[in-house]
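Biologist: I should be grateful for a close look at a single part of this model, namely the surroundings of the ligand. Please place that part in the context of the rest of the chain.

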Amino acid sequence: MYKIAIIENFHKSGLELLNKNKNFSYEIIEDVSEENLIKKLPNFDGCTLRVSKLNKKILENCPNLKIISRHGVGYDNVDIEFLKEKKITLCITSNANAIAVAEHVMYMMLSISKGIISHDQSVRNGLFKEGIANIETFELDGKEILIVGFGRIGKCLVSKCKSFNMIIKIFDPYVDEKEISNLGCKKVDSLEEAFKTADYISLHIPLTKDTENLINLKILKTMKKNLILINTSRGGVINEHDLDYALNNKLIFGAGIDVFKIEPVTDENPLIKNKRVLLSPHSATFTNECKIRMAKNTIQNIIDFFENKLDNSMIVKL
Ligand SMILES: NC(=O)c1ccc[n+]([C@@H]2O[C@H](COP(=O)([O-])OP(=O)(O)OC[C@H]3O[C@@H](n4cnc5c(N)ncnc54)[C@H](O)[C@@H]3O)[C@@H](O)[C@H]2O)c1
């Protein structure tokens with residue numbers, strides 16, 4: 001029988017798959033401190049992983065571990081070099097969350113463009129007419145959006161933007177022009193140039209050494225004053241202090257942020273006091289539908305791995 005550690009629980013539909021399968025037993029681990037994971041993990045053959053960190057110090061103590069199944073698609077919280085060296089399989093819930101994230105981007109673009117939060121407050125505070133006079137709002141129709149990263153989520157966002165009649169530009173040096181033009185979008189080769197003309201920018205890239213602090217003050221200064229910037233990828237891609245400065249100094253119009261450099265956010269993060277940014281708690285995938293898809297996919301990947309039928313598209317090429 002294979003022993004699976006469920007590191008941070010998720011929707012019950014995933015565990016129901018394990019309950020039905022006699023080849024697996026599992027234990028849910030909610031205390032994700034390094035100390036507890038070092039103590040608990042050594043006996044397990046596989047584990048699931050949400051946002052907590054699996055560093056080398058923890059992994060060195062897991063001699064039986066053969067697979068880590070991420071509940072999600074990002075994997076910057078795992079020591080990849082260690083997995084490579086020890087040939088531990090890492091898989092992700094590849095196609096489970098693109099729709100939810102792409103819809104979250106639309107929700108953020110629309111909320112900021114239409115001044116939803118301010119309008120709501122105006123009505124409640126008895127400022128019915130004053131609110132309308134003082135709140136600047138925009139249409140998406142005819143506006144240029146730059147999608148940075150043309151993977152699962154970037155592609156899924158395209159159809160949503162098209163339905164709003166937006167002009168769609170794509171920056172992704174790893175995807176060829178044909179694939180982009182086939183979806184009716186324009187590939188751009190210079191990120192710096194594309195930043196200058198975009199009305200909306202949505203980030204869909206992994207956090208790597210190349211993308212860390214990609215959005216910094218120098219770049220923000222080149223953007224249009226009406227720019228609305230959306231980040232549902234990873235917090236470290238934006239320098240949060242620079243973004244705070246840019247918003248306060250009206251270098252850009254607004255921002256929608258679902259992901260943060262340090263999560264959960266603390267008072268240290270300047271964005272939580274900034275009224276020009278719309279925040280959400282890394283919740284883009286928290287739709288009922290997506291929670292179920294991710295939970296089932298996370299567990300199915302583990303079952304498929306031990307039954308030697310794991311689909312290649314779920315495996316991260318290390
Ligand atoms: N907010 C959330 O809850 C949430 C949910 C899912 C995914 N994410 C994050 O969203 C991001 C995208 O996810 P995905 O499933 O679309 O990933 P993906 O791997 O399918 O796509 C990423 C794309 O980024 C491109 N890319 C890599 N480096 C780049 C660079 N320097 N410049 C431009 N493009 C670059 C790759 O070529 C690839 O096409 C990841 O960071 C992931 O962690 C967040």
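Modeller: The answer begins with the ligand and then turns to the domains, a helix pair and two local backbone features. The model is predicted.

The shell around the ligand holds 30 residues, of which Gly74, Gly149, Gly151, Ile153 and Tyr174 come nearest. By character, the residues of this shell divide into 13 nonpolar, 12 polar and five charged. Helix α8, which covers residues 152-163, supplies the largest share of the shell, with three residues.

The position of the ligand follows from the division of the chain. Domain 1 comprises 2-96 + 288-314, and domain 2 comprises 98-279. Both domain 1 and domain 2 give residues to the shell around the ligand, and the ligand therefore lies between them. The centres of the two domains, taken over C-alpha atoms, are separated by 31 Å. Direct contact between the domains involves six residues of domain 1 and seven residues of domain 2. On the side of domain 1 that touches domain 2, the residues divide into two nonpolar, three polar and one charged.

A helix pair deserves separate description. Two packed helices are described by the angle between their axes and the distance between the axes. Helix α1 (residues 12-19) packs against helix α13 (residues 288-306) at an angle of about 30°, and their axes are 6 Å apart. Angles under 35 degrees count as roughly parallel, and α1 and α13 are therefore roughly parallel to each other. The crossing in which α1 passes α13 is right-handed. From α1, the contact is made by Ser13, Gly14, Leu15, Leu17 and Leu18; from α13, it is made by Ile292, Ala295, Lys296, Thr298, Ile299, Gln300 and Ile303. The residues of this contact divide into seven nonpolar, four polar and one charged.

Two details of the backbone complete the description. After helix α8, asparagine 165 is placed in the loop between α8 and β7 (167-171). Asparagine 165 is not a glycine, yet it has a positive phi of about 60°. The other detail is a cis peptide bond, with omega about -5°, that joins glutamate 263 and proline 264. Proline 264 is placed in the loop between β11 (254-257) and β12 (277-279).

To return to the part requested, the ligand lies between domain 1 and domain 2 because both give residues to its shell, and helix α8 provides the largest share of that shell.

Note on methods: Residues are numbered from 1 along each chain as its sequence is written. This is a predicted model: local features need pLDDT of at least 70, side-chain atom pairs count only at pLDDT 80 or more; totals for chains, interfaces and linings use all residues. A residue is near a molecule or strand if its C-beta atom, placed from the backbone, lies within 6 Å of it. Helices (H or I, at least four residues) and strands (E, at least two) are DSSP runs, numbered from the N terminus. Ala, Val, Leu, Ile, Met, Phe, Trp, Tyr, Cys and Pro count as nonpolar, Asp, Glu, Lys and Arg as charged, and the others, Gly among them, as polar. Domain bounds come from an automatic or database domain assignment. Axes are lines fitted to C-alpha atoms, for helices over the stretch in contact, and angles run from 0 to 180 degrees between N-to-C directions. Angles under 35 degrees count as roughly parallel, over 145 as roughly antiparallel, 65 to 115 as roughly perpendicular and the rest as oblique. A crossing is left-handed if the near helix is turned anticlockwise from the far one by less than a right angle, and right-handed if clockwise. Two residues are in contact if their C-beta atoms, placed from the backbone, lie within 7 Å.
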